[in-house]
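Got your viewer open and a selection box ready? Here is a walk through one model, stop by stop.

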Protein chains: 2
Amino acid sequence: MKKQLLSMVLVLMGGLCMAADDGVWMWYPGEYGIWRGNALQFERLQWGAELPPFWPSYGFYPVVEFSAQFDLAEAERVEMTADGGFTVNVNGRDCVAPLGRVDVPKGRVTIKVKVGNNLRPPALLVKGKTVKSGEAWKVGWYPDDPAALPVEFDRAFADAGNKPGDWKLRREPAVPVQIRKLDGGALLADFGRETYGYLVLTDIKGEGAVKIIYAESEKEALDEAPARPQDCMEFVSLGAKDAPKCVWKKGRGFRYVFLRPFEGNLSIGGIAMERELPRASRRGAFRCNDERVNAIWDVAADTLELTCREVFIEGVKRDHWVWSGDAVQSFLMNYYLSGDYEGCRDTLWCVRGKDPVVKHLNGIMDYSFLWFDAVATYVLYSGDQRFLQQAKPRMDSLMRWCQSRLDAKGRPVNQPGDWIFIDWAPEALHNAGGVCAFEMMVYARALETMVMTEPPEQNFTLASVAQKVKSEVKTLFWSEENGCLMHLFKNDGTLDPQVTRYPNIFGLKWGYFNDSERERVLKGVMFNDKVMKIQTPYMRFYELEALCALGMQKQVLGEIRDYWGGMLDLGATSFWELYNPAESGDQHYAMYGRPYGKSLCHAWGASPIYLLGRYFLGVEPTEPGFAAYTVKPVLGGLEWMTGKVPTPTGDIEVTVKDGAVTVKGNGGKGKLVWNGKSVPIPVNETVMVE
Amino acid sequence: MKKQLLSMVLVLMGGLCMAADDGVWMWYPGEYGIWRGNALQFERLQWGAELPPFWPSYGFYPVVEFSAQFDLAEAERVEMTADGGFTVNVNGRDCVAPLGRVDVPKGRVTIKVKVGNNLRPPALLVKGKTVKSGEAWKVGWYPDDPAALPVEFDRAFADAGNKPGDWKLRREPAVPVQIRKLDGGALLADFGRETYGYLVLTDIKGEGAVKIIYAESEKEALDEAPARPQDCMEFVSLGAKDAPKCVWKKGRGFRYVFLRPFEGNLSIGGIAMERELPRASRRGAFRCNDERVNAIWDVAADTLELTCREVFIEGVKRDHWVWSGDAVQSFLMNYYLSGDYEGCRDTLWCVRGKDPVVKHLNGIMDYSFLWFDAVATYVLYSGDQRFLQQAKPRMDSLMRWCQSRLDAKGRPVNQPGDWIFIDWAPEALHNAGGVCAFEMMVYARALETMVMTEPPEQNFTLASVAQKVKSEVKTLFWSEENGCLMHLFKNDGTLDPQVTRYPNIFGLKWGYFNDSERERVLKGVMFNDKVMKIQTPYMRFYELEALCALGMQKQVLGEIRDYWGGMLDLGATSFWELYNPAESGDQHYAMYGRPYGKSLCHAWGASPIYLLGRYFLGVEPTEPGFAAYTVKPVLGGLEWMTGKVPTPTGDIEVTVKDGAVTVKGNGGKGKLVWNGKSVPIPVNETVMVE
């Protein structure tokens, strides 16, 4: 894996998703991801209140300076538009620029544009023949910032009238499949399936207040006095100013809406919504002979699209927040569903935030380290090498902060205020003191990602630290007796006897084992029912991925059918935060000691998207941005399958049927591996192998 | 002075201006000063563009957490209102708080409220019998911030409907005294005197664009093609959407408005404005037998009020920015005109900004140090001791940054990128390399201010460093031969032979001289016409202050009559950035090599307000917030005078007439010194001494 990461630094790609030929809006890297992410996260409802994240949230830089140099054969007039007030400086002199028109002289010119905006991140659009916004520009967070970064942009924002600060996800009107009038003016609306959008109350009369419950089950919607309050309640004053119809300004996730007026003489006649559409179009596809698997893919796709909003949130009803470890998985699924690289990028910035770093990302130690993993896969799938330059200062400062909390031996230990989250496994185990194998492994992975940001001749130290940490994982945690990596190295210098799947799953994923060790791990842990089972789709993602990587698609397909199919059997219209087949009835709604605490539309529930695209269709980038890639399909017991995988240079289409594979390539250099053969896939053309 | 500063730490005042008995809006210290200051500063016009400051601008913290502890004899219902979404936590548990109503149990309670707002600084209002917003609360820039600070508030914001984020200065409609129609649809409006507000164009027809010149002289307004562009031009597209009347969203300063439509078929029939009223009411007053002095006081008051907007800016037409050194003087004048302590506080935060510190304040070394001086006088006049706690982290980080740039001997030297601004004196002198006496003196003063933030037993180091720097000023710069402090200690270890007034003025102000030294300085520098004269009102402020402090009010009165009276004789309706009696005609408008580059309404032009209040009426606080004060009037050649000085505990009224002084005291402990007598001034009562 290290070699692959290193190669990313060496490969220079066109970066198709970053093309900006005619001038596009540009801004300081990360500003919109953080700003939009704040807005979305601050809308989280809890118990009738809005709950912003408990980790630090960061604001935007209100004045930035864009700068670039150009060689002009002739003088030209350039049109500039800014989101904010702005002043243009050409060759060291501020210019008169009536209505944003700047006359730029011929020859070598240095252009600097200061933009100030107190309400949202400043942005700039430059349109001229030679002088235009795009890759040539740098931007500093203050004028003459010596650490100016390459500007960030998004090809979707190319018109002067389409400012990135005005961007909103599209909406369409929607009505419930059923509205029930209940006693005392209460109403219950069922929208038929999990959805996300803006509540619309109609026929509002009188004045007063209303209590609203957003719910994912009818039981939750109708439980007005639960043992503990529902997560997603809202109390709103309404009156003449809202009559006859009121449209919410903030988005909510739900299937059911219950409302009951209280105080005054308020009455409400109807409920509707403006449904917010997914952030990106669905480019990936999967169909096979097994309709249960197809249904699972469809609901997984719905689930992921619901959680991929301005940034990628954990769940739509309860949890509007962005979690680093969850985002790692949302990204991987997204690469196989919509290839929304800008969404990933915005999410990376949102979860990283800014400096100073004062807490682990999301307060969780492994989530700090997993952010680096998300960066690595983002660059691999998107080919966005600029991101590494843009993010390097924040990668450096986060890593410095993490390293300031290592113990004297350079190991990541639980410091006061840190949270160690290795699935919902018994926390007592992680918090007993000592070092968790899993934490050392994600730390090593983070170091490997850091290696990507430096030219090879400069990264010797980082690379050797990464190698040292990896070696130490084996030295400290490998138990010859148990034939696996143990979970915890205790402060007393001994290994805790408990065996868990976690370090062994990641040992398989990140190549920690030789052949005989791998066999022992499979037998002693992965296929050993005595070892505590993985219950959340979160860790199940990695477990099933590890099995797929070992060619056990058949077993995995069975698991997908049982586990995700089990949720479908219970009527799920989106996949859940956790599913325990042993539970029944209302038990399925409960979590965190709350009767309706479980999220029933949870991003990490959508992993079949990834597993089927990556390990069944078998499409894998081998160079950043799919400049090179492999297609190595595995039917895993299916009779036939067909599907599409989005990439920055076009979709890759794979069909396996009647013992033959047909692949239509994208803009990169592909290799089809099938039936013992390895065949090149021509650029944008179709190849078939029997 | 050090003793006085130290005493501030020890004196505990009620802090009347901070009273918050019924619950007031509260926020993270400095957030609104910075946010409102940004908005105002970003509106600066230059050459048809909006020019944000060239130093770093900082955003706001989008999520803050308020916390407090209370002892409740009985449970109570508390009403909370936030600017932003919010969640209330009582004794470690998040609560259900329908419509902001929180039921707080009796006993000892810890309340935490997280507020998130992505659009403007979060704020919170708490109204209960016991539990209410105010001094009891701390606020962190993120949840559980261990460095939470005492909240900031302003008694003007006490109602739920009056959010600090909605606050705007009041306006009233105003029309020009004359409008002239010129060729080609151009118009010239004269508002009769310097003003500030929002342009209103009327009878707009057609579509097109208009060029607008905001001017302080008719000459500037009508000069459509000057040698260099006017500072305050604006180019605006107008059309059907603006017809028939368009009100500007951004404030401009001007006396004249010229406009000329260009492009399309646009025509504009009339010009008016919404005049923005002064930030604070005029509490101070001064009248005497000399009508020229009265007229000077009136125009100085107008000038200061025009520049005291949301924060205190340098000038209203050209320069919408906030400058630290200028603010020092605006504050001192303000203390004698309106006692707008919140305005001073907002300005302090605005000019300091946040961390990281990457440049000197305003880019100017001495302006970093003078900010500390502004803090010291702010605490002395306002009595706002909380500010010291609130600002301490930013005082520390700014001082650390400044100290990181000292030379090996601990002296402030000109580092690359720094600007040394000692008036508009020959810059070659400051930039020759070496150490300027003035810079060491303001550094020492800054250290003395830092001493205020620590309990006496902890500030030994700071105090001794301050003392060491002061001693070194004498050692390095005192010339026995010249009988004064020299300007520059050069890198070759010798003193530059040039004598300037600057270090000697501040030597007098800050007590650097013994009696015989002072005599030599007065004779050899202050009253020596061969020493380069002070030309700007900026340094003239300190020069005249120094003379007043030595009892030379009579000479100073003559200077006021000549210098400020000279501007009145030229028709000034506000005082200028610079006045040179030797110039004539259009020369008065020029500065910075630009024909209309001079600001004709400049805060530092208003210093007679301070000189007359402080050294003629003779009112001086001796303990923070005027808890103790002295009144020591000096007629300085006037026959009689009467006036008022605002303080946090009421106005102090002073009348000197027929050899007797009458003083009405405020809420503090006053002392009247007159005619060799020293008499106590009873609280809020009147005393007369002959």
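What follows is a list of things to select, with a note on what you'll find at each stop.

**Both chains**

Before you click on anything, keep in mind that this is a predicted model. Start with chains A and B together. Superpose chain A on chain B and you get an RMSD of 0.0 Å, using a turn of 180 degrees and a shift of 0.0 Å along the axis. The two copies are thus related as by a two-fold rotation axis. Now bring up the interface residues. Of those in chain A, 100% are interface residues in chain B as well, so the copies meet through the same surface.

**Domains of chain A**

Hide chain B and colour chain A by domain. The domain assignment gives domain 1 (19-163), domain 2 (171-276), domain 3 (285-616) and domain 4 (620-689). For a sense of scale, put a distance between the C-alpha centres of domain 2 and domain 4 of chain A: they lie 47 Å apart.

**Aromatic pairs**

How many aromatic pairs does the structure hold over all chains? The count is 98. Select Trp27(A) and Phe157(A) for one of them: this pair is edge-to-face, with 6.3 Å from centre to centre and 75 degrees between the planes. Trp27(A) belongs to strand S1 (residues 26-27) of chain A, while Phe157(A) sits in the loop between strand S13 (152-153) and strand S14 (171-174) of chain A, so the pair ties together parts that are 130 residues apart in sequence. Both Trp27(A) and Phe157(A) are buried.

Next, pick Phe506(A) and Tyr542(A). Here the aromatic pair is tilted, at 4.6 Å centre to centre and 50 degrees between the planes. Phe506(A) is in helix H12 (residues 502-509) of chain A and Tyr542(A) in helix H14 (residues 537-549) of chain A, so turn on the cartoon to see how the pair links distant parts of the chain, 36 residues apart. Phe506(A) is buried at a relative accessible area of 1%, and Tyr542(A) is buried with 1% too.

**Val521(A)**

Stay in chain A and jump to Val521(A), in helix H13 (residues 515-526). Buried or exposed? Val521(A) counts as buried, because its relative accessibility is 0% and the cut-off for buried is under 20%. Show what surrounds Val521(A): leaving aside neighbours within four places in sequence, its contacts are Trp478(A), Gly483(A), Cys484(A), Asn504(A), Leu508(A), Phe513(A) and Met526(A). For a C-alpha distance, try Val521(A) to Gly507(A), which comes out at 9.2 Å for residues 14 apart in sequence.

**Gln389(A)**

Now select Gln389(A), in helix H8 (residues 385-403) of chain A. Gln389(A) has 48% relative accessibility and counts as partly exposed. Beyond its neighbours within four places in sequence, Gln389(A) is in contact with Leu149(A) and Pro150(A). Draw a line from its C-alpha atom to that of Cys344(A), 45 residues apart along the chain, and you should read 16 Å.

**Tyr61, in both chains**

Where does Tyr61(A) lie? Look in the loop between strand S3 (49-50) and strand S4 (63-72) of chain A. Tyr61(A) counts as buried at 18% relative accessibility. Set aside the neighbours within four places in sequence, and Tyr61(A) is in contact with Tyr28(A), Glu31(A), Pro122(A), Trp141(A), Lys354(A) and Arg394(A). Its C-alpha atom is separated by 8.6 Å from that of Asn117(A), 56 residues away along the chain.

Bring chain B back and select Tyr61(B) with Lys354(B). The charged end of Lys354(B) sits over the ring of Tyr61(B), 3.3 Å from its centre. Another charge over a ring is worth a click: Arg44(B) lies over the face of Trp321(B), at 4.1 Å from the ring centre.

**Strands in chain B**

For the last stop, select strand S5 (residues 76-83) of chain B together with S8(B), which pair in the antiparallel sense over four bridges. Label Glu79(B) and you'll find its bridge partner Arg101(B) in S8(B). Strand S8 (residues 101-104) has Val102(B) and Val104(B) on its covered face, with Arg101(B) and Asp103(B) on the uncovered one. Then add strand S10 (residues 123-127) of chain B: S5(B) pairs with S10(B) in the antiparallel sense too, over five bridges. Finish on Met80(B), which stands opposite Val126(B) in S10(B).

Note on methods:
Residues are numbered from 1 along each chain as its sequence is written. Chains are lettered from A and ligands numbered from 1 in the order in which they are written. This is a predicted model: local features need pLDDT of at least 70, side-chain atom pairs count only at pLDDT 80 or more; totals for chains, interfaces and linings use all residues. Side-chain values use heavy atoms; hydrogens and water are left out. Rings of Phe, Tyr and Trp (its six-membered ring) pair if their centres lie within 6.5 Å; planes under 30 degrees apart count as stacked, over 60 as edge-to-face and the rest as tilted. Helices (H or I, at least four residues) and strands (E, at least two) are DSSP runs, numbered from the N terminus. Buried means under 20% relative accessible area, exposed over 50%, partly exposed in between (1.4 Å probe, protein chains only). A charge sits over a ring if NZ of Lys or CZ of Arg is within 6 Å of the ring centre and within 35 degrees of the ring normal. Domain bounds come from an automatic or database domain assignment. Two strands pair if DSSP finds at least two bridges between them. Copies are superposed by least squares on the C-alpha atoms of residues with pLDDT of at least 70 in both. Contact means heavy atoms within 4.5 Å.
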